[in-house]
Amino acid sequence: MARIINRYIFREIAVPFGLTLFILTFVLLMGKIVQLVSLMVNRGVGFLDVILLILYLIPSFLVYTIPVSLLVAILIGLGRLSGDNEITVLKSAGLSLYQLAVPAAVFAGLAFLFTAAVTFHLVPSGNSAAKHLVYQVAQQRAAMGIKEKVFVDDFRGILIYADRVADKAEFLEGVIISDNRITGEPSTIIASRAYLLADPVRMVIILRLYQGSTHTVDASLQNYRKLDFQLYDVTLDLMPALASAAAQKSSTEMTARELIERIRKAGADPAALRELAIELNKKMTIPVSCLCFGLLGVPLGIRAHRSVKSRGITVGFLIALAYYLILMGGEALAELGRIHPAVGTWTPNVLFGALGIVLFVLAAREQPFPVPRRLKETIRRWREKRRRTE
């Protein structure tokens, strides 16, 4: 009998969890999908590359959507059972809240394990793979995008013209470059020949020029400078649209072991040390938030309410918003060195976990949450005013 009840409650949580997870992840992806479709239409990036970029970016969204989806699903699932008085019937049959909470605890544990796997493994590998894919696409576009006797402005701050392009863009001849990256000192570079080179270590594309000269004029147009060279390297910036598609700070591409090793080698740079420590702690705190949300969702979900779904979604998003605002504030203070990185990242879990324990124990004892008189009176007046307006 207990197995049947547990499966029934588990199913009531699983269905809204899947729907909420899909919707939240899709909404977060929409901002990137617009940029990626723009790459496909305007930059000639292949459809397969766009699909791969989307797949690589999904884990970084799942880290945040899984805990929120878990909280909303528990509120909706248990709220539906409570609204239909099924929780009351089960309690009258001799089941305590601790027994009824077993399916929610199992679901929260599975969400914790899945989020931990995503955080520790899928996010670093996905960010790294996205960065390398962007680099490969940019490299291909750099070779294919330069055409004979055509001005090319695909690179930030640089305009390139080639009088002749060899087959497969192996080298360029009669090259003229307008470099406006240095404010106030635009320069023109002329070279007889140039080669496109890739630097996989620094993830940059280099245009190596041979036998040419640079011509620079200052902002006042009073001074002119010419420099002849035999070999000159120009670093080409990735296309802005491509760069923004997978721009991630380097710490997010590291596993926990790599972060620990980098912290040990960080040296005397306290800012870099704090950033690495924050990222390392977040890999642990975000999966733990699933357990905190699960603990908090059970006592809030069993309260009967007429509009179960809207209440579950509203309360779930408000709790998640409060959690992530506290987390972001703690990260900001930790980055500035005001508090320890562990304090800044673990504070939301401590607060919401403690609140969840208190609410759960009170709900198990069927005791109301102690609310100050003034606050209770304010809430009562607000409800009466709302009923009158309705």
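pLDDT is the predictor's confidence in each residue, on a scale from 0 to 100. The structure here is a predicted model, so that score is a sensible place to start. Averaged over the protein chain, pLDDT comes to 81, and 81% of the residues get to 70 or more. Broken down by element, the highest mean belongs to helix H10 (residues 341–364), at 92, while helix H6 (residues 240–245) sits at the bottom with 46. Around that low point, pLDDT stays below 50 over residues 239–249. Even so, the model gives this stretch 28 contacts beyond near neighbours in sequence.

Next come the cysteines. A disulfide would need two cysteine sulfur atoms within 2.5 Å, and by that rule the tally is zero. Cys290 is in no disulfide: its nearest cysteine sulfur belongs to Cys292 and lies 9.1 Å away. Cys292, likewise unpaired, has the sulfur of Cys290 as its nearest, at 9.1 Å. Because 9.1 Å is not within the 2.5 Å cut-off, the two do not count as a pair. Both side chains are tucked away from the surface: Cys290 is buried, with a relative accessible area of 0%, and Cys292 is buried too, at 7%.

Ser69 is another buried residue, its relative accessible area being 0%. Ser69 is part of helix H2, which covers residues 47–83. Leaving aside residues up to four places away in sequence, Ser69 touches Phe17, Thr20, Leu21 and Leu24. With Leu21 there is also a polar contact, as the Ser69 side chain reaches the backbone nitrogen of Leu21 at 3.3 Å.

Conventions: Residues numbered from 1 in each chain as written. Predicted model: local features only at pLDDT ≥ 70, side-chain atom pairs only at ≥ 80, totals over all residues. Heavy atoms only, no water. Buried < 20%, exposed > 50% of the residue type's maximum accessible area, 1.4 Å probe, protein only. Helix = DSSP H or I, 4+ residues; strand = E, 2+ residues; numbered from the N terminus. Polar contact = N/O pair within 3.5 Å; in protein donor to acceptor, adjacent residues only side chain to side chain. Contact = heavy atoms within 4.5 Å.
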